[in-house]
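Student: I am new to this structure and would like to understand how each label attached to it is justified. Could we go through the labels one by one, setting values against definitions?

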Amino acid sequence: MRLRAHVLPFALLLACAGAGAHAAQDTAPASTPAATPADFDDTPPAPPPGADQVTVLTAARIHTEDLAQPQVTAIAWDGQGRIVATGTASELRKRYPKARRIDAGKATVVPGLIDAHAHVMELGYALLRADLSGAASKEEVIQRLREFAATAPADTWIQGWGWDQNRWPGQQFPTAADLDAAFPDRPVWLVRIDGHAGWGNSAALRAAEAAADARALSGDWQPDGGRIVREGGQASGVFIDAAMRLVEKAIPAPTEAYRELALQRALEAAVRNGLTGVHDMGVSREDLALMRRFADAGRLPLRIDAYADGNRDALADLCAHGRYRHPGGRLQMEGVKLYIDGALGSRGAALLADYSDDPGNRGLLVTDPAAYAIAVYKARDCGVQVASHAIGDRGNRLVLDTYAQALAGSTAQPDSRWRVEHAQVVAAEDIPRFAQLRLVASMQPTHATSDMPWAGDRLGPARLEGAYAWRRFLDLGVPLALGSDFPVEQVDPRLGLFAAVNRTDRDGHPPGGWLPGQKLTAAEALRGFTATAAWAGHDEGEVGRLAPGLRADFVVLDRDPLAIPAAELADLKIQATWVDGQPVYEAKP
């Protein structure tokens, strides 16, 4: 995702040494070709013995993503929520005459949608803070903050999420002074839409000075992996990537009750939008513990593939104790999320040449390349899947170079499925390396439609050839796992389907789509949010398709996403979301 990270502590990396014995081993021979979504027609596991009550669901169309039987009109599952059969309505009713029957009528059923790159706790926090997304000016931001502050406890910081200077006249970064007139004494801290920059008022900067070395906010010092935007030698109020910590460590930690409410709100939003699974990128030890408590209490309505925050204790835990799966089947941690650079919108993505609209700036490496390499090698030796945030072409090249060296080692898993998160701007000559290294390109379609008004200014026409290049990856056989990066983008996967197929905004601009040669078909986009997303998390034996032996995770839609006009994909109605053969969300009539 595009949320920021900081320089990786070496102490946590060393904890991984020698822990490979705890990790489960993959069994594919090293000589097998790169696995792709086309390999998903392997014979699924048999239904569990002792299956009791069977339920048969019928619908006008059921897209299974199972190559053996891609479209059916009925599915049946047992009391454990495992699919036992797919076929026609008459076949399954005859086979299971005593089954409980559910008729979805004219609806279309698809496998449960999986967001392959998101941030669950950050979504929850965003839902509890001032919503600044879409604000067209600083004045609109301040008005929203006034409304939010009127209902917030008076002794707390005012926190918000989602500002984007690219939407404002002049597209310039704001300053603390822009907030001071409205909030002279109460600290305000606002995180940019990509999570890679923060904006504070003078009260917040005073709190940061009290919590840290006050000299850091004056002069010309800059932190490793970050940048303090300065005016006249003083901090202006905007902090990029690792510099954000200077302010954030002054903010009181959220209470456990607040954290529980945030997780609950995020989970409710996810299932309401048709998600049955999320790959949660950058999960801390504390957040995993909270999720485990929810799982123990039966409060996880969807599946979370948690990827450990490589900058915190979760990676050390993962290496020391082995990969984790909750017995309920809805929570696991088997991978680690690392960062190499920042984000394009805040000009922190690491580029091989200067930003076209900011000469002399080539972005930021938020992790020192040597420290990043050590993390990758240690994760490899722990048997842990690696997922690396890389946005700029320089960032992507550093990840590819490091992966190539690490995967050539004798301790590399033969079916590692290492991931590059975003792969947003890639030099044309580097794109084939994804296939050669058997990597997963984890990409977010709505980033393209959000960034298209200004991405050309940042990159220039030549670099756009390798930007948001979904079709190029897919045509080379690179597995394309799709997600949203919520809360950077909205949690709704229908918007991802729409963006992938149209490459326009909701009003159809630009006509024909932005960089239209990189469009996906509706079937390819749906597969990216289902079967390929599952495969990217090593979950293809459990979810991602509707086939015997797999879990009955599915979404009921009012229309067929593979048959309606592409312009209507974002308007699909979600009638119900089911996980393990049970409804976790049902739309009101």
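Student: How many helices and how many strands are there in the protein?

Tutor: Keeping in mind that this is a predicted model, the protein has 19 helices and 23 strands.

Student: What makes the radius of gyration of the protein agree with that of a compact globule?

Tutor: For 589 residues the globule rule gives a radius near 25 Å, and the protein has 24 Å, so the two agree. Along its principal axes, the C-alpha trace spans about 80 × 55 × 50 Å.

Student: How much of the protein counts as buried, and what supplies the area that it exposes?

Tutor: Of the 589 residues, 60% count as buried, while the protein exposes about 22,100 Å², of which carbon and sulfur atoms supply 52%. As for contacts with a separation of 6 or more, 74% of them are accounted for by residues 24 or more positions apart. The charges can be described too: the mean positions of the 61 positive and 73 negative charges are 3 Å apart.

Student: Why are cysteine 319 and cysteine 382 called a disulfide?

Tutor: A disulfide is a pair of cysteine sulfur atoms within 2.5 Å, and the sulfur atoms of cysteine 319 and cysteine 382 are 2.5 Å apart, so the pair is given that name. The pair links distant parts of the chain, 63 residues apart, with cysteine 319 in helix H10 (residues 313-321) and cysteine 382 in the loop between helix H11 (369-381) and strand E17 (385-390). The link is right-handed, with 110° about the S-S bond, and both cysteines are buried. A search of the whole structure finds one disulfide.

Student: Why does valine 556 count as buried, and what does it touch?

Tutor: Buried means under 20% relative accessible area, and valine 556 has 6% relative accessibility, so it counts as buried. Valine 556 sits in strand E21 (residues 554-557), and, leaving aside residues up to four places away in sequence, the residues it touches include Ala104, Val109, Ile574 and Trp578.

Student: Which residues of H15 are buried, and what covers them?

Tutor: In H15 the buried residues include Ala455, Leu459, Arg463 and Leu464, and what covers the buried residues of this helix includes helix H12 (393-407) and helix H14 (445-451).

Student: What makes the phi of glutamine 171 and that of tyrosine 468 worth pointing out?

Tutor: Most residues other than glycine have a negative phi. Glutamine 171 is not a glycine, yet its phi is positive, about 55°, and tyrosine 468, also not a glycine, has a positive phi of about 50°. Glutamine 171 lies in the loop between strand E8 (158-163) and helix H5 (177-180), whereas tyrosine 468 lies in the loop between helix H15 (455-464) and helix H16 (470-475).

Student: Why is glutamine 171 called partly exposed, and why is tyrosine 468 called buried?

Tutor: The cut-offs are under 20% for buried and over 50% for exposed, with partly exposed in between. Glutamine 171 has a relative accessible area of 33%, so it is partly exposed, and tyrosine 468 is at 2%, so it counts as buried.

Student: Where are the cis peptide bonds at proline 487 and proline 510, and what is omega for each?

Tutor: Most peptide bonds are trans. The bond from phenylalanine 486 to proline 487 is cis, with omega near 10°, and the bond joining histidine 509 and proline 510 is also cis, with omega about -5°. Proline 487 is in the loop between strand E20 (480-482) and helix H17 (493-502), and proline 510 is in the loop between H17 and helix H18 (522-528).

Student: How do you know that glycine 345 is buried, and which residues does it touch?

Tutor: Its relative accessible area is 3%, which falls under 20%, so glycine 345 is buried. Glycine 345 is found in the loop between strand E16 (331-339) and H11, and among the residues it touches, not counting those up to four places away in sequence, are Gln165, Arg192, Trp454 and Arg458. The C-alpha atoms of glycine 345 and histidine 196 are separated by 8.7 Å, although the two residues are 149 residues apart along the chain.

Key: Residues numbered from 1 in each chain as written. Predicted model: local features only at pLDDT ≥ 70, side-chain atom pairs only at ≥ 80, totals over all residues. Heavy atoms only, no water. Helix = DSSP H or I, 4+ residues; strand = E, 2+ residues; numbered from the N terminus. Rg over C-alpha atoms; globule rule 2.2 N^0.38 Å. Buried < 20%, exposed > 50% of the residue type's maximum accessible area, 1.4 Å probe, protein only. Contact = heavy atoms within 4.5 Å. Areas by Shrake-Rupley, 256 points an atom, 1.4 Å probe, with all protein chains shown as cover. Lys, Arg positive; Asp, Glu negative; His and termini not counted. Charge placed at Lys NZ, Arg CZ, Asp CG, Glu CD.
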